[in-house]
Amino acid sequence: MTRNRYLLGNFAPVTEEVTAYDLPVTGRIPAHLDGRYLRNGPNPIGIEDPTAHIWTLGAGMVHGVRIRDGRAEWYRNRWVRSGMVADRLDEPRRGTPIDERMDISPNVQIAGIDGRTYALIEGGIRPYELTYELDTVGPCALGATSEGYSANAHSLFDPHAGELHSLAFLYGSEYVQHIVMDAAGTVRRTTTVHVPGNPYMHDFALTERFVLLYDSPVVFSPAHLATGVPYTWDERRAARVGVMPREGGAVRWFELEPHLVGHTLNAHERRENELVIDVVRHPPGISLRDIGASRPTLDRWTIDLAAETVKEERLDDRIQEFPRLNPLYSGRPYRYGYTAAVELYAPPAGPDDDRPDEGFSNALLKHDLRRGAVEAHEFGRDAAVSEGVFVTAESPKAEDDGYVMAYVFNPSRGATDLVILAAQDFGGEPIARIHLPVRVPLGLHGNWVSGAP
Ligand SMILES: [Fe+2]
């Protein structure tokens, strides 16, 4: 039988839902933190053909830790109950899927919006609402528009305008929609944009005045529908970044070297006619069916709107993904970004060794974009790290005055820790390690969601 890397080692799905209280802590959890650290990711249930399994198609499982008064009150992991997941758990279905053909458990993102908790995906698949304790309420209409779009995994909150933005695509449609919601997720306005070829648009960016769209050679392919990931790399097609006014209007497109944007770190307007866009860039030929074979890097594009030129630079060629920043600086000039050198993208050691190549170390990275410096907190070859989420200090005095929180596998315990780094002492000892009773598999995105039930 062919080995499937995405079912082994730190990828291996867990089979139980666990609830644990009063977790042991090494170090000190900042006393002002009151909320939940949440992360979503694929965790297949009832795999029919392990050789054909594609990592990104597993049912969503959310892992959460409740923190209050310096204590880790609970850990919970819960599948997001689509109809299929409920059936396999032998439970009644919760809520009605909007479209039975889209009975998919959102596995990409988990976010808190206006006191509610949402598991999110993309492609017109509806978000699911969860309770504070991560039980599934059901599919919901967050960001839903009459054309069939809804809030996607990389919905972006603009703290300056108090708006939530999504750039949503639909499988098989050449139109994408920029959806602007209020802070509670109610749709306020939409702009529909024609993007021929139906490219895969996982993320986007915002500045004070513009929405930035990523067109790429990764396009919808009906021939691949049966695989569950109907996208392919089209060599004849260019990669472009589109600049559209936030209120809608004509899109100005700028051609770039072939690539696929994984995620935006941030974008901002440096001068009247100059845009700076920092992204994780995947090299040409990327396959969404084998995402771990990609080798993403951190890149910067500088667009001169007057001269109609774009400059492409590599900021850091270490393999990294999952860029985050202090969210108060989203869309504005900023200095610090945080990424993860994550095992998902590590070359495997060999055909019979699913561990990462000897030269790979899981790490969280802090980029000082003003100085062009990178600081790494290395966790090592076997300590699978997740996206690092920046959380501001109680009374922040600087952009990097806060914490970076991430799930990190602890090989000596055979279980995962929720690690809290002080962002201003990034390479130093974590200020806290919260010891979970179980392993959290490699996953996708998450957030710190402040607030009590
Ligand atoms: Fe993503």
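## Report on a predicted model with an iron site

A polar contact of 2.6 Å links the side chain of Thr51 to the side chain of Asp49. The model behind this value is predicted. Thr51 sits in the loop between strand E3 (35-42) and strand E4 (60-68). Is this residue buried or exposed? Thr51 counts as partly exposed, because its relative accessibility is 38%, and that class lies between 20% and 50%. Along the chain, Thr51 and Leu365 are 314 residues apart. Their C-alpha atoms are separated by 34 Å.

**A buried asparagine**

Asn77 belongs to strand E5 (residues 71-79). Asn77 has a relative accessible area of 1%, so the residue counts as buried; the limit for that class is 20%. Which residues touch Asn77, once its neighbours within four places in sequence are set aside? They are Val14, Glu16, Glu17, Val18, Met61, Val62 and His63. Two of the polar links of Asn77 go to backbone atoms, as the table shows. Asp353 offers a contrast in position: Asn77 and Asp353 are 276 residues apart in sequence and 28 Å apart in space, C-alpha to C-alpha.

The table sets three polar contacts side by side.

| Side chain | Partner | Distance |
|---|---|---|
| Thr51 | side chain of Asp49 | 2.6 Å |
| Asn77 | backbone oxygen of Glu16 | 2.9 Å |
| Asn77 | backbone nitrogen of Val18 | 2.6 Å |

**The iron site**

Now to the metal. Which residues coordinate the iron ion? They are His154, His202, His263 and His445, each through its NE2 atom, at 2.0 to 2.1 Å. Along the chain, the donors follow the spacing H-x47-H-x60-H-x181-H. One pair ties distant parts of the chain together: His263 and His445 are 182 residues apart. His263 lies in strand E20 (residues 260-271). His445 lies in the loop between strand E33 (432-435) and strand E34 (446-450). Both His263 and His445 are buried.

What is the geometry of the site? The angles among the 4 donor atoms run from 93 to 161 degrees, and the site is irregular. Four donors count as tetrahedral only if all angles lie between 85 and 135 degrees. For comparison, the ideal angle for four tetrahedral donors is 109.5 degrees.

**Strands E20, E21 and E22**

His263 leads into a set of paired strands. Its bridge partner in E21 is Val280. E20 and E21 run antiparallel and are joined by 9 bridges. A hairpin of 2 residues connects E20 to E21. On E21, pairing also occurs with strand E22 (residues 297-304), in the antiparallel sense over 8 bridges. There, Leu275 has Ile303 in E22 as its bridge partner.

How many residues of strand E21 (residues 274-282) are buried? The count is 9 of 9, so the strand is mostly covered, as buried means under 20% relative accessible area. Glu274, Val276, Asp278, Val280 and His282 point one way from E21. Leu275, Ile277, Val279 and Arg281 point the other way. In a regular strand, side chains alternate between the two faces of the sheet.

**A sheet of four strands**

An open sheet holds 4 strands in the order E14-E15-E18-E19, with antiparallel pairing. Which strands form its edges? They are strand E14 (205-206) and strand E19 (252-256), and each pairs on one side only. Inside the sheet, strand E15 (residues 210-215) pairs with strand E18 (residues 239-245) over 6 bridges. Tyr214 has Val241 in E18 as its bridge partner. Val241 also stands opposite Phe254 in E19. E18 and E19 share 5 antiparallel bridges. Their hairpin has 6 residues between the strands, and Gly248 takes a positive phi near 100 degrees there.

**The nonpolar cores**

In soluble globular proteins, nonpolar side chains tend to be buried together. Here the largest nonpolar core has 89 residues. Those with the most contacts inside this core are Val65, Ile67, Leu344, Leu364, Leu418, Ile434 and Leu436. Strand E31 (residues 402-410) gives the largest share of the core, 7 residues. A second, separate core has 16 residues, including Phe210, Leu256, Ala267 and Ile277.

What surrounds Leu344, apart from its neighbours within four places in sequence? Its contacts are Arg5, Tyr6, Phe11, Trp55, Ile291, Gly292, Phe322 and Leu442.

How values were computed:
Residues are numbered from 1 along each chain as its sequence is written. This is a predicted model: local features need pLDDT of at least 70, side-chain atom pairs count only at pLDDT 80 or more; totals for chains, interfaces and linings use all residues. Side-chain values use heavy atoms; hydrogens and water are left out. A nonpolar core is a set of buried Ala, Val, Leu, Ile, Met, Phe, Trp, Tyr and Cys residues joined through side-chain atoms within 4.5 Å. Buried means under 20% relative accessible area, exposed over 50%, partly exposed in between (1.4 Å probe, protein chains only). Contact means heavy atoms within 4.5 Å. Donors are N, O and S atoms within 2.8 Å of the metal (3.2 Å for Na, K and Ca); water is not among the atoms, so sites may look incomplete. Four donors count as tetrahedral if all angles lie between 85 and 135 degrees; four count as square planar and six as octahedral if opposite donors are over 155 degrees apart and all others between 65 and 115; anything else is irregular. Two strands pair if DSSP finds at least two bridges between them. A polar contact is a pair of N or O atoms within 3.5 Å; within protein, one must be able to donate a hydrogen and the other to accept it, and residues adjacent in sequence count only if both atoms are side-chain atoms.
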